[in-house]
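Open the model in your viewer and keep the sequence panel beside it. We will go from stop to stop, with something to select at each one.

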Amino acid sequence: MTKMAPELPIEVDAETGVWTTDALPMLYVPRHFFINNHVAVEEALGVETYADILYHAGYKSAWHWCEKEAELHGLKDEAVFEHYMRRLSQRGWGRFITEHIDLEAGTCRVRLEHSAFVYQLGKVGRRVEYMFTGWFAGAMDQILAARGSQLRTIAEQTQSAAEEGCDVGYFVTVPREPRDQG
(Lines give C-alpha, C1' and ligand atoms only; values in the text may rest on other atoms or scores of the structure.)
Protein backbone atom coordinates (compact mmCIF):
# COMPACT_ATOMS: atom_id res chain seq x y z
CA MET A 1 0.00 0.00 0.00
CA THR A 2 1.31 3.40 -0.99
CA LYS A 3 0.70 6.08 1.62
CA MET A 4 0.08 9.77 0.98
CA ALA A 5 -0.84 12.88 2.93
CA PRO A 6 -4.53 13.87 3.01
CA GLU A 7 -5.63 15.79 -0.06
CA LEU A 8 -8.21 17.82 1.88
CA PRO A 9 -7.55 21.10 3.59
CA ILE A 10 -7.67 20.36 7.32
CA GLU A 11 -7.45 23.06 9.95
CA VAL A 12 -7.56 22.47 13.71
CA ASP A 13 -8.53 25.27 16.09
CA ALA A 14 -5.75 25.39 18.69
CA GLU A 15 -8.14 26.57 21.41
CA THR A 16 -11.17 24.31 20.83
CA GLY A 17 -9.68 21.33 18.99
CA VAL A 18 -12.39 21.61 16.30
CA TRP A 19 -11.32 20.21 12.93
CA THR A 20 -12.48 22.12 9.84
CA THR A 21 -12.43 21.20 6.16
CA ASP A 22 -13.90 23.43 3.45
CA ALA A 23 -15.17 25.77 6.20
CA LEU A 24 -17.27 22.97 7.74
CA PRO A 25 -16.64 21.53 11.22
CA MET A 26 -15.61 17.86 11.02
CA LEU A 27 -15.23 14.90 13.36
CA TYR A 28 -12.25 12.61 13.09
CA VAL A 29 -13.13 9.16 14.45
CA PRO A 30 -11.83 5.62 13.88
CA ARG A 31 -13.73 3.68 11.21
CA HIS A 32 -14.60 0.84 13.59
CA PHE A 33 -16.11 3.33 16.06
CA PHE A 34 -18.41 4.85 13.45
CA ILE A 35 -19.46 1.54 11.89
CA ASN A 36 -20.01 -0.19 15.24
CA ASN A 37 -22.37 2.66 16.20
CA HIS A 38 -24.04 2.44 12.78
CA VAL A 39 -24.62 -1.32 13.19
CA ALA A 40 -25.98 -0.86 16.73
CA VAL A 41 -28.60 1.62 15.49
CA GLU A 42 -29.38 -0.65 12.54
CA GLU A 43 -30.00 -3.56 14.93
CA ALA A 44 -32.19 -1.42 17.21
CA LEU A 45 -34.35 0.15 14.47
CA GLY A 46 -34.14 -2.42 11.67
CA VAL A 47 -32.40 -1.87 8.34
CA GLU A 48 -35.44 -0.52 6.48
CA THR A 49 -36.33 2.12 9.09
CA TYR A 50 -32.72 3.17 9.58
CA ALA A 51 -32.09 3.34 5.83
CA ASP A 52 -35.12 5.62 5.40
CA ILE A 53 -33.94 7.95 8.18
CA LEU A 54 -30.43 8.09 6.72
CA TYR A 55 -31.74 8.67 3.20
CA HIS A 56 -33.57 11.84 4.21
CA ALA A 57 -30.80 13.11 6.50
CA GLY A 58 -28.17 12.39 3.84
CA TYR A 59 -30.26 14.07 1.15
CA LYS A 60 -30.56 17.24 3.22
CA SER A 61 -26.87 17.23 4.12
CA ALA A 62 -25.73 16.69 0.52
CA TRP A 63 -27.97 19.51 -0.70
CA HIS A 64 -26.50 21.86 1.92
CA TRP A 65 -22.91 20.81 1.26
CA CYS A 66 -23.21 21.14 -2.52
CA GLU A 67 -24.91 24.51 -2.23
CA LYS A 68 -22.19 25.89 0.05
CA GLU A 69 -19.30 24.39 -1.92
CA ALA A 70 -20.67 25.58 -5.27
CA GLU A 71 -20.89 29.09 -3.84
CA LEU A 72 -17.45 28.94 -2.18
CA HIS A 73 -15.59 27.59 -5.23
CA GLY A 74 -17.70 29.06 -8.05
CA LEU A 75 -18.74 25.61 -9.28
CA LYS A 76 -21.85 24.61 -11.20
CA ASP A 77 -23.47 21.64 -12.89
CA GLU A 78 -21.39 18.47 -13.17
CA ALA A 79 -18.39 20.19 -11.57
CA VAL A 80 -20.32 20.40 -8.27
CA PHE A 81 -21.14 16.68 -8.40
CA GLU A 82 -17.55 15.71 -9.25
CA HIS A 83 -16.22 17.92 -6.44
CA TYR A 84 -18.61 16.17 -4.04
CA MET A 85 -17.52 12.69 -5.19
CA ARG A 86 -13.87 13.71 -4.83
CA ARG A 87 -14.38 15.05 -1.30
CA LEU A 88 -16.34 11.96 -0.21
CA SER A 89 -13.53 9.80 -1.57
CA GLN A 90 -10.88 11.87 0.19
CA ARG A 91 -12.66 11.48 3.53
CA GLY A 92 -12.26 7.72 3.66
CA TRP A 93 -15.79 6.50 2.88
CA GLY A 94 -14.50 4.73 -0.25
CA ARG A 95 -13.72 5.74 -3.82
CA PHE A 96 -16.76 7.22 -5.59
CA ILE A 97 -16.47 7.18 -9.38
CA THR A 98 -19.10 8.87 -11.52
CA GLU A 99 -19.68 6.52 -14.44
CA HIS A 100 -22.57 8.52 -15.89
CA ILE A 101 -24.26 11.82 -15.21
CA ASP A 102 -26.92 13.55 -17.31
CA LEU A 103 -28.40 16.60 -15.64
CA GLU A 104 -31.00 17.14 -18.37
CA ALA A 105 -32.34 13.63 -17.78
CA GLY A 106 -31.77 13.72 -14.00
CA THR A 107 -29.74 10.51 -14.02
CA CYS A 108 -26.40 9.36 -12.71
CA ARG A 109 -24.59 6.14 -11.90
CA VAL A 110 -21.84 6.04 -9.29
CA ARG A 111 -19.47 3.13 -8.68
CA LEU A 112 -18.12 2.66 -5.17
CA GLU A 113 -14.76 0.96 -4.68
CA HIS A 114 -12.91 0.40 -1.39
CA SER A 115 -16.02 0.89 0.74
CA ALA A 116 -15.30 1.64 4.42
CA PHE A 117 -18.37 -0.44 5.31
CA VAL A 118 -17.17 -3.47 3.34
CA TYR A 119 -13.65 -3.15 4.75
CA GLN A 120 -15.10 -3.22 8.27
CA LEU A 121 -17.98 -5.69 7.83
CA GLY A 122 -16.72 -7.96 5.03
CA LYS A 123 -18.86 -10.11 2.73
CA VAL A 124 -22.11 -10.13 4.68
CA GLY A 125 -24.37 -10.96 1.71
CA ARG A 126 -26.34 -7.71 1.60
CA ARG A 127 -26.06 -4.05 0.62
CA VAL A 128 -24.43 -2.26 3.52
CA GLU A 129 -23.74 1.24 2.15
CA TYR A 130 -27.36 2.43 2.14
CA MET A 131 -26.24 5.40 4.25
CA PHE A 132 -24.83 6.97 1.08
CA THR A 133 -27.96 6.64 -1.07
CA GLY A 134 -29.66 9.92 -0.19
CA TRP A 135 -26.40 11.76 -0.81
CA PHE A 136 -26.65 11.24 -4.57
CA ALA A 137 -30.25 12.44 -4.90
CA GLY A 138 -29.56 15.41 -2.61
CA ALA A 139 -26.53 16.43 -4.66
CA MET A 140 -28.36 15.99 -7.97
CA ASP A 141 -31.42 17.90 -6.78
CA GLN A 142 -29.37 20.83 -5.45
CA ILE A 143 -27.55 21.08 -8.78
CA LEU A 144 -30.84 20.82 -10.69
CA ALA A 145 -32.46 23.51 -8.51
CA ALA A 146 -29.45 25.80 -9.03
CA ARG A 147 -29.98 25.40 -12.79
CA GLY A 148 -33.63 26.39 -12.41
CA SER A 149 -34.91 22.88 -13.09
CA GLN A 150 -38.05 21.58 -11.34
CA LEU A 151 -36.89 17.98 -11.90
CA ARG A 152 -36.21 16.01 -8.70
CA THR A 153 -34.58 12.62 -8.31
CA ILE A 154 -34.50 9.49 -6.22
CA ALA A 155 -31.45 7.28 -5.66
CA GLU A 156 -31.05 3.58 -5.01
CA GLN A 157 -28.15 1.29 -4.20
CA THR A 158 -28.24 -1.53 -6.75
CA GLN A 159 -25.14 -3.48 -5.72
CA SER A 160 -22.61 -3.75 -2.88
CA ALA A 161 -19.17 -5.29 -2.68
CA ALA A 162 -20.49 -6.89 0.53
CA GLU A 163 -22.66 -9.16 -1.66
CA GLU A 164 -21.30 -12.46 -2.96
CA GLY A 165 -19.92 -12.21 -6.49
CA CYS A 166 -19.62 -8.41 -6.37
CA ASP A 167 -16.38 -6.45 -6.17
CA VAL A 168 -17.85 -2.91 -6.16
CA GLY A 169 -21.01 -1.09 -5.22
CA TYR A 170 -23.35 0.83 -7.52
CA PHE A 171 -25.84 3.63 -6.94
CA VAL A 172 -28.24 4.94 -9.56
CA THR A 173 -30.20 8.17 -9.49
CA VAL A 174 -33.28 8.66 -11.67
CA PRO A 175 -36.13 11.19 -11.85
CA ARG A 176 -38.91 10.79 -9.31
CA GLU A 177 -42.28 9.79 -10.65
CA PRO A 178 -44.16 12.84 -12.05
CA ARG A 179 -46.65 12.72 -9.15
CA ASP A 180 -43.71 12.97 -6.67
CA GLN A 181 -41.95 15.93 -8.34
CA GLY A 182 -42.69 18.44 -5.66
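## First stop: the cysteines

Select Cys108: with a relative accessible area of 2%, Cys108 is buried, where buried means under 20% relative accessible area, exposed means over 50% and partly exposed lies in between (1.4 Å probe, protein chains only). Before going further, please note that this is a predicted model, in which local features need pLDDT of at least 70 and side-chain atom pairs count only at pLDDT 80 or more, while totals for chains, interfaces and linings use all residues. Residues are numbered from 1 along each chain as its sequence is written, and side-chain values use heavy atoms, with hydrogens and water left out.

How many disulfides does a search of the whole structure find? The search finds zero, a disulfide being a pair of cysteine sulfur atoms within 2.5 Å. Now add Cys66 to the selection: the nearest cysteine sulfur to that of Cys66 belongs to Cys108 and is 11 Å away. Cys66 is buried too, with a relative accessible area of 0%.

## Second stop: the aromatic rings

A pair of aromatic rings is described by the distance of the centres and the angle of the planes. Here, rings of Phe, Tyr and Trp (its six-membered ring) pair if their centres lie within 6.5 Å; planes under 30 degrees apart count as stacked, over 60 as edge-to-face and the rest as tilted. By this rule there are 14 aromatic pairs.

Show Trp65 and Tyr84 as sticks. Their ring centres are 5.0 Å apart and their planes stand at 35 degrees, so this pair is tilted. Trp65 belongs to helix H2 (residues 47–73) and Tyr84 to helix H3 (residues 78–90), so the pair ties together parts 19 residues apart in sequence. Helices (H or I, at least four residues) and strands (E, at least two) are DSSP runs, numbered from the N terminus. Are these two residues buried or exposed? Both Trp65 and Tyr84 are buried.

Next, select Phe117 and Phe132. This aromatic pair is edge-to-face, at 5.6 Å centre to centre and 70 degrees between the planes. Phe117 is in helix H4 (residues 116–121), while Phe132 is in the loop between H4 and helix H5 (133–146), so the pair ties together parts 15 residues apart in sequence. Phe117 and Phe132 are both buried. Widen the selection to Phe34, Trp93, Phe96, Trp135, Phe136 and Phe171 as well: ring pairs link these with Phe117 and Phe132 into a cluster.

## Third stop: charges around Glu99

Side chains of opposite charge can pair when their charged atoms come close. The structure holds ten salt bridges, each a side-chain nitrogen of Lys or Arg within 4 Å of a carboxyl oxygen of Asp or Glu.

Centre the view on Glu99, which is partly exposed, with a relative accessible area of 34%. Glu99 meets Arg109 in a salt bridge (2.9 Å, N to O). Glu99 lies in strand E4 (residues 95–102) and Arg109 in strand E5, so the pair ties together parts ten residues apart in sequence. Arg109 is partly exposed, at 31% relative accessibility. A salt bridge also joins Arg111 and Glu99 (2.5 Å, N to O); Arg111 is in strand E5 and Glu99 in strand E4, twelve residues apart. Add Glu113 to see the network of salt bridges that links Glu99, Arg109, Arg111 and Glu113.

Stay with Arg109 and show Tyr170: the charged end of Arg109 sits over the ring of Tyr170, 3.8 Å from its centre. That wording applies if NZ of Lys or CZ of Arg is within 6 Å of the ring centre and within 35 degrees of the ring normal.

## Fourth stop: Arg127 and Glu163

In the salt bridge between Arg127 and Glu163, the closest N and O atoms are 3.4 Å apart. Arg127 is in the loop between H4 and H5, and Glu163 in the loop between strand E6 (153–159) and strand E7 (169–175), so the pair ties together parts 36 residues apart in sequence. Arg127 counts as partly exposed at 35% relative accessibility, whereas Glu163 counts as buried at 17%.

## Last stop: a backbone detail

Select His114, in the loop between strand E5 (107–113) and H4. Phi of His114 is near 55 degrees, a positive value in a residue other than glycine.
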